[in-house]
Amino acid sequence: MVKCGLEIHQQLNTKKLFCDCDSELSDEVLYTFERVLRPTQSELGEIDKAALEESMKKRRFVYQVTPNSCLVEADEEPPHQLNRNALEIALKVALMLHAKIVDEIHVMRKIVIDGSNTSGFQRTTLIAVDGYLDTSFGRVRIPTICLEEEAARKIEEKEGAVVYRLDRLGIPLIEISTSPDMKSGEEVKEVAERIGYILRATKRVRRGVGTIRQDINISTGQGRVEIKGASRLNMIPRWVNNEIERQEMLKEIAEILKKRDAKVDERIYELTDIFRETNSKIIKNVLRKGGKVLGLKLVGFKGVLKQGKYRLGRELAENVRVLGVKGLFHGDELPAYGISQDEVERVKELMHLSKDDSFVLIAEKEERARIALQKVIERAKKALLGVPDETRAPKDDGTTTYLRPLPGEARMYPETDIPPIKIEEEYVERLKKELPPMPEERLEKLVSLGINRELGWQLIREGNDDLFEELVKKYGYPTLVARALINGCEGIDYHRIFHLFSQGKFSKEAIDEIIARVCNGEELESVVLQFQKTVDVDKLIEKIIEEKRELIEERGMHAFKPLMGLVMKELRGRVDGKIVSEKLKKKLEELIS
Amino acid sequence: MEIEPGDYVEVKSEKGIFRGILMPRHEFSDEKIVILKLDNGYNIGLVPQEIKLIRKGGERKKRERKASRKKDGLPWISVIGTGGTIASYVDYKTGAVHPALTAEDLVFSVPEIEDEANIRASILFNILSEDMKPEYWVKLARKVKEELKKSEGVVIPHGTDTMGYSSAALSFMFPSLSGPVVFVGAQRSSDRPSSDAYMNLISAVKVAKSDMGEVTVVMHGTTSDDHCVIHRGTRVRKMHTSRRDAFKSVNSQPLGMVKGDDVVFYQDYKRKSEETILQDKMDEKVALIYYYPGLREEMLEKMLEGMHGAIIMGTGLGHVGNHVIPVLKEFIRDGGIVGMSSQCLYGRVNLNVYSTGRKLRKIGIVPLEDMLPETAYIKLMWLLGNYEREGAEKLLAKDLRGEISPRRMITW
């Protein structure tokens, strides 16, 4: 039974949520400072699991100060009032998703101690509940919509320290969470896409890479996995479907292990002596630096670590990699990587392995190796049960990798620095009247202006629908305008381009290239000059002479001046006056003589 | 059965039916609103149509606490709780913020402390820093004396708003100490992962283990969690409303710093003595008066009424408007002591440079060199409590606890 849910995070285009800084990214680093974070006891007197794992890494956090960060982001000044513009946008999105706005908003602190928030918590508030979205697969429920602050931007991870930049910290973020009502990657993709349309319909969301992020929850009946940051819509079906397969695999492995009565022996074996003369480069390096080779016996695990479709070994390796430990080897993959058959046999002998048993080796500094092996023990024990709850990161190849355990529930407490905000009924009623049209309605409108649905969706997706409507109402040519906007770029003067076009300054065929060149930084007016329609000056002169025959008969060569004015007016400066004057003179002379 | 905060309830409202833990009222919440902590952890406010009890809230789970074992070879340090941010925490179940944690809780939340010392923790009072009063300093000083009989040093977690006053008060009350007395606070409460309480507290314990015989304040040196600074109790002032490094030594170098395991002293300090001597009398009839343009004669008269002494925070080098000089003159003539400090805080007062200053000198105002106004205020209370008027006046501008220095270099 596959159940998928979505969490969508969208940045809003206002000032930051709890201070007066601009919501933008910056490469200007003015100052840095360093902090550490400690897990605090949660409300139940327990320390959060995810929090504990972060603190095990004992990391320092380096924060880069940018012009758009102040004492609030530095956790050196209490938060200011919640930004009302951001709240209004979030409320509108909630109403568009048919959700019910809570009567009073309370800001909470959600504990996050990976350093991405200087305070050690993310401020978040539940603003609406119980919404829904209709899709081609059926209705998807949206139980909660939150408004929260964006985390700091991770710049780099160094030995023992993580560097974050404060530019992104505090940017308002809408979080939309669905129920686990979706059953396939394709369905997840459609929901993500449609919610994206609705968000952009407000015209107040930030655009560009990283401004919208999707997290996907997947459960196949046992355990729950969250794929964090699954932002590329087209990759969603692959990530989801691969994860479903991974979970099926883990369930099968659990069955096998159960049959074999497998277990994890917690004894840690000291194996360094076996590898004194090893040819394994990794191990040699570790030993040279005073490290050790420690091992663990996995009773009944042979063949599930790496054989056929089974890949439990990879899971173990991923779990220690997040601690920065790379030298993990397991029985199913050895001998290999320079580790010899003989060395493997000596390990097996020392551990007294039976035919179904396997083992794990870790080459590292002793303290780190022991911490990593504890992690392996923990993970291997979970394998006996099936699919563990965890957070995974999406990879470009369509698979995912272990990130951290799923955070527990008990990690939220009130933000006492911000008073609650009452949401008055009249205010909600007013917002309801101001809601932007839903994407579907918007599409119908665009189609009625004369383009096909596909172009219409593209305009809506890119947020150019308003500009499109303006331009078409003024200048016509709907398909031409739509194509121009879709192929074009931000920040160029479409109004001016279509104004010049409507004046006949260049032909329809030239428009694509003109826009491309303007997007490339060339100046519009000079590009347009090069695309002027070629004018038949002779024909124009003949036409004017024909029209003004009376004038010529009356005034002879004296008609030259007024005629010249008329021709030049028609040409609007597109042809050099000297050429025109010569040609006109010649024609007049022919006519009079 | 009556429904109370902490109970698990079902609330029917226009927005639907919600289940969660009923929270106590928020002081700024609308009257019609009830606050519910939903199962997902979020609090929301609802206008209820009906509230149904699902189950009574259980007792708050007791925090598990390992009994700390005495470790041989480690010194005993006393921790005396007084309240303040360093000890504040949120009751997670109800969401209410409590101003105090027990001293044991505080120590328990920083387990590293147990590797530094054997801790003898107690709570003396539980007040907000701004509610501090001179009578509490007397109580605190007596408690310190008692603790120093058993411990090598004393750490006093204290609210930061008035910590500088308290450290100055204890500085004067103890002419001689058998161990360090270290005030420590936090600018971020200890229920936050980013709290400065941990580093400040562990640094304070390290200082309390030293051979110092002075009252100090130990707080963050910069915005980074990098090192703590040891400030002399008579020289320190809170100079920022919210930053971690709000505490600065004014007109003086700090005594030293704590970085990692190292306690480094920048300058000479008083070593601890065999004996702790306490002079705990305070004359509360002392005023601390901020002079400003617009301060009228009758206002100043009111402030001085019934007082035995006053510290003026004058402008610049130590001035007040000429119109109030007669008021001060009369106060001094009637036996009052008036000391002059500067609202500039940084720098030394000098009553010889301008004519107003010379007039002030002439009527008997005592220029207080580079002493902090708050320190001078405490000092005068203490002097009037323990000396005759004449002695008090003489000692006011004399350095007793490092509160005045004869020279100041351009580099600090």
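Let's start at a single residue of this predicted model: Y477(A) counts as partly exposed, because 17 C-beta neighbours lie inside 10 Å of it, and a residue is called buried only from 20 such neighbours upward. You will find Y477(A) in the loop between α12 (465-475) and α13 (478-487) of chain A. Its backbone deserves a look too: phi of Y477(A) is near 50°, a positive value in a residue other than glycine.

Chain A offers another residue of this kind. Phi of H352(A) is near 55°, again a positive value in a residue that is not glycine. The surroundings of H352(A) can be read from its neighbour count: with 9 C-beta neighbours inside 10 Å, it counts as exposed, since the limit for that class is 12 or fewer. H352(A) sits in the loop that runs between α7 and β17 (358-364) of chain A.

If you step back to the other side of α7 (341-351), you reach the loop between β16 (328-330) and this helix, where P335(A) lies. Here the backbone has another feature to point out: the peptide bond joining L334(A) and P335(A) is cis, with omega at about 0°.

Further along chain A comes helix α20, made up of 16 residues (577-592). From its first C-alpha to its last it reaches 22 Å, close to the 22 Å expected at 1.5 Å a residue. How many of the 16 residues of α20(A) are buried? The number is 1, so this helix lies largely in the open.

Now turn to the partner chain. Chain B has 10 helices and 21 strands, and its C-alpha trace spans about 80 × 55 × 40 Å along the principal axes. Of its 412 residues, 48% count as buried. Among the contacts in chain B with a separation of 6 or more, 69% are between residues 24 or more positions apart.

Where do the two chains meet? In all, 37 residues of chain B are in contact with 44 residues of chain A. On the chain B side, strand β4 (residues 43-46) gives the most, with 4 residues. The residues of that side divide into 12 nonpolar, 12 polar and 13 charged.

Strand β4(B) also takes part in pairing across the two chains. Strand β5 (residues 104-105) of chain A is joined to β4(B) by 2 bridges, and the two strands run antiparallel. To find the place in the structure, look for I105(A), which stands opposite I44(B) in β4(B).

Key
Residues are numbered from 1 along each chain as its sequence is written. Chains are lettered from A and ligands numbered from 1 in the order in which they are written. This is a predicted model: local features need pLDDT of at least 70, side-chain atom pairs count only at pLDDT 80 or more; totals for chains, interfaces and linings use all residues. The expected span of a helix is 1.5 Å times one less than its number of residues. Two residues are in contact if their C-beta atoms, placed from the backbone, lie within 7 Å. Ala, Val, Leu, Ile, Met, Phe, Trp, Tyr, Cys and Pro count as nonpolar, Asp, Glu, Lys and Arg as charged, and the others, Gly among them, as polar. Two strands pair if DSSP finds at least two bridges between them.
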